[in-house]
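Reader: Let's go through this model briefly. Please reason each answer through to the value or name.

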Amino acid sequence: MIPVKICGITNLEDARAAVRSGVSALGLIFYDKSLRHIPLETACRIAAELQGKVSLVGVFVDETL
């Protein structure tokens, strides 16, 4: 199977649908200027519900460690 990541997930409903479709990873964008920016609280809800079902990838721009 080919790994697939869907980037720009902004809500739990879309994240659930992507996981049901068999994706390997979901991308969550934390860059404020992006149209696909996700609030931390929403990202936490997604992470809590989908823990162990899919990999989550954070997208950041010019952030310090």
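Reader: Which residues in the largest nonpolar core touch the most other members?

Author: This is a predicted model. Its largest nonpolar core has 14 residues. Those that touch the most other members are Leu 26, Leu 28, Ile 46 and Leu 50.

Reader: Which element supplies the largest share of this core?

Author: At least two residues of the core come from each of α1 (12-20), β2 and α2. The largest share is 4 residues, and its source is α1.

Reader: Leaving aside neighbours within four places in sequence, what is Leu 50 in contact with?

Author: Leu 50 is one of the core residues that touch the most other members. With neighbours within four places in sequence left aside, its contacts are Ala 15, Arg 16, Val 19 and Leu 26.

Reader: The structure holds 1 aromatic pair. Why is the pair of Phe 30 and Phe 60 classed as stacked?

Author: Phe 30 lies in the loop between β2 (25-29) and α2 (40-50), and Phe 60 in the segment after β3 (55-59). They are 30 residues apart, so the pair links distant parts of the chain. The ring centres are 5.1 Å apart. Planes under 30 degrees apart count as stacked, and here the angle is 10 degrees.

Reader: Is Ile 6 buried, partly exposed or exposed?

Author: Ile 6 sits in strand β1 (residues 5-7). With Ile 2 and Val 4, Ile 6 forms a nonpolar surface patch of about 280 Å² accessible area together. Buried would need under 20% relative accessible area, and exposed over 50%. Ile 6 has 34%, so the class is partly exposed.

Technical notes:
Residues numbered from 1 in each chain as written. Predicted model: local features only at pLDDT ≥ 70, side-chain atom pairs only at ≥ 80, totals over all residues. Heavy atoms only, no water. Patch = residues over 30% accessible without salt bridge, like charges linked within 9 Å, V, L, I, M, F, W, Y side chains within 5 Å. Areas by Shrake-Rupley, 256 points an atom, 1.4 Å probe, with all protein chains shown as cover. Salt bridge = Lys/Arg side-chain N within 4 Å of Asp/Glu carboxyl O. Buried < 20%, exposed > 50% of the residue type's maximum accessible area, 1.4 Å probe, protein only. Phe/Tyr/Trp six-rings, centres within 6.5 Å; stacked < 30°, edge-to-face > 60°. Core = buried A, V, L, I, M, F, W, Y, C linked by side-chain atoms within 4.5 Å. Contact = heavy atoms within 4.5 Å.
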